[in-house]
Amino acid sequence: MTASRPQSIAVFGGSFDPVHNGHVMIAQSALAELELDRLIVMPAAQSPFKPVQKLAPAEARMEWLRLAFAGEPKVEISSWELDRGGVSYSIETLRALAAAHPNAEMFYLIGADHVATLTEWREAEALAEAATFVVVPRPGAPEEAFPKPFRGRYLKGDPLAISASEIRQRLRAGRSVADFVPPPVAQMLNSMQIYSEN
Ligand code: ATP
């Protein structure tokens with residue numbers, strides 16, 4: 001008889017303004033290496049670390065994510081933080097998920113640029129308890145040890161030098177983003193005239 005293991009769920013939070021191939025690579029690495037049952041991609045209403053950034057409309061960010069992850073049955077795009085509104089704190093999201101899935105093992109995916117600042121996240125001690133942090137290498141971000149009391153691991157991943165800021169800049173300059181985002185996302189971005197004013 002095989003003992004049933006607890007469900008394993010990873011949360012991948014971010015602004016996704018817009019989603020890009022770096023995000024897709026993170027999700028694929030996590031699915032491949034962590035034997036996840038579910039990967040919940042959770043666009044933030046407003047990131048605590050980007051308080052003044054005016055984000056693209058929530059519905060557009062959701063739609064780009066749906067397009068980017070269509071065909072990944074284990075990926076769920078959640079509007080929970082968007083529906084809640086205000087500043088999105090990971091600890092609150094993880095608490096809500098833990099309440100909904102009391103026996104699940106929780107992971108939280110971040111890019112390597114966030115490791116050093118984990119202790120500055122809201123309720124850092126509770127956050128460190130709530131999930132195992134999973135880090136994907138990011139060009140320019142050295143592989144640092146997890147600050148106490150955080151626990152986590154690095155995925156192999158294949159670092160991609162892509163950022164949403166660069167994509168927004170390229171779109172403002174009328175340049176192609178085809179090499180940086182999944183094709184249906186590029187198509188939608190091209191048809192939207194978005195980011196011209198911010
Ligand atoms: P911006 O350029 O607007 O700051 P971003 O490209 O960092 O955005 P976010 O939506 O803020 O995108 O990122 C969500 C998560 O994905 C963060 O944990 C971030 O570190 C991680 N991430 C984003 N791009 C990469 C990448 N190319 N490689 C590894 N991690 C990444």
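This is a short group-meeting talk about the ligand site, the empty spaces and the salt bridges of one protein model.

Hi everyone, and thanks for coming. Before we look around, please keep in mind that this is a predicted model.

Let's start with the ligand. Which residues come nearest to it? There are 22 residues around the ligand, and Lys50, Asp113, Leu160, Ala164 and Ser165 come nearest. Now look at the oxygen atoms of the ligand. An N or O atom in the side chain of Ser165 is 2.3 Å from a ligand oxygen. Arg168 also brings in its side chain, with a polar atom 3.0 Å from an oxygen of the ligand. Phe16 takes part through its backbone instead: a polar backbone atom there is 2.9 Å from a ligand oxygen.

Next, the open space. The largest pocket has a volume of about 720 Å³. How many residues line this pocket? The lining has 42 residues, and those nearest the centre of the pocket are Gly13, Gly14, Ser15, Lys50 and His114. You may remember Lys50, which is also among the residues that come nearest to the ligand. If you want to trace the walls on your screen, the elements giving two or more residues to the lining are β1 (8–14), α1, α4, β4 (105–111) and α6 (164–172). Sorted by class, the pocket lining has 21 nonpolar, 14 polar and seven charged residues.

Now for a closed space. Rolling a probe the size of a water molecule over the atoms shows where empty space is left. In this structure there is one cavity of 30 Å³ or more, and its volume is about 30 Å³. Its lining is made by Trp80, Glu81, Arg84, Gly85, Val87, Ser88, Tyr89, Glu92 and Thr93. Two elements, α3 (80–84) and α4 (90–100), each give two or more residues to this lining. Which of them gives the most? That is α3, with three residues. The classes here come out as three nonpolar, three polar and three charged residues.

Two of those lining residues, Arg84 and Glu92, bring us to salt bridges. Side chains of opposite charge can pair when their charged atoms come close. The side chains of Arg84 and Glu92 do meet in a salt bridge, at 2.9 Å from N to O. Are these two buried or exposed? Arg84 is partly exposed, at 45% relative accessible area, and Glu92 is partly exposed too, at 22%.

The count for the structure is eight salt bridges. Here are two more to find. Glu63 and Arg66 meet at 2.7 Å, N to O. Both sit in helix α2 (residues 58–68), three residues apart, which is about one turn of the helix. Glu63 has a relative accessible area of 26% and Arg66 one of 35%. There is a small network here as well: salt bridges with shared partners join Glu59, Glu63 and Arg66.

The last pair is Glu33 and Arg153, whose side chains form a salt bridge at 3.9 Å, N to O. Why does this pair tie together parts far along the chain, 120 residues apart in sequence? Because Glu33 lies in helix α1 (residues 21–34), while Arg153 lies in strand β6 (residues 152–154). Both partners are partly exposed, Glu33 at 23% and Arg153 at 36%.

That's the tour. Thanks for listening, and do have a look for yourselves!

Methods:
Residues are numbered from 1 along each chain as its sequence is written. This is a predicted model: local features need pLDDT of at least 70, side-chain atom pairs count only at pLDDT 80 or more; totals for chains, interfaces and linings use all residues. Side-chain values use heavy atoms; hydrogens and water are left out. On a 1 Å grid over the protein atoms alone, a cavity is a set of points where a 1.4 Å probe fits but cannot get out, and a pocket is an open set with protein on both sides within 12 Å along at least five of seven lines; lining residues have an atom within 4 Å of a point. Grid points are joined across faces, edges and corners, and a volume is the space filled by probe spheres set on the points. Helices (H or I, at least four residues) and strands (E, at least two) are DSSP runs, numbered from the N terminus. Ala, Val, Leu, Ile, Met, Phe, Trp, Tyr, Cys and Pro count as nonpolar, Asp, Glu, Lys and Arg as charged, and the others, Gly among them, as polar. A salt bridge is a side-chain nitrogen of Lys or Arg within 4 Å of a carboxyl oxygen of Asp or Glu. Buried means under 20% relative accessible area, exposed over 50%, partly exposed in between (1.4 Å probe, protein chains only). A residue is near a molecule or strand if one of its heavy atoms lies within 4 Å of it. A polar contact is a pair of N or O atoms within 3.5 Å; within protein, one must be able to donate a hydrogen and the other to accept it, and residues adjacent in sequence count only if both atoms are side-chain atoms.
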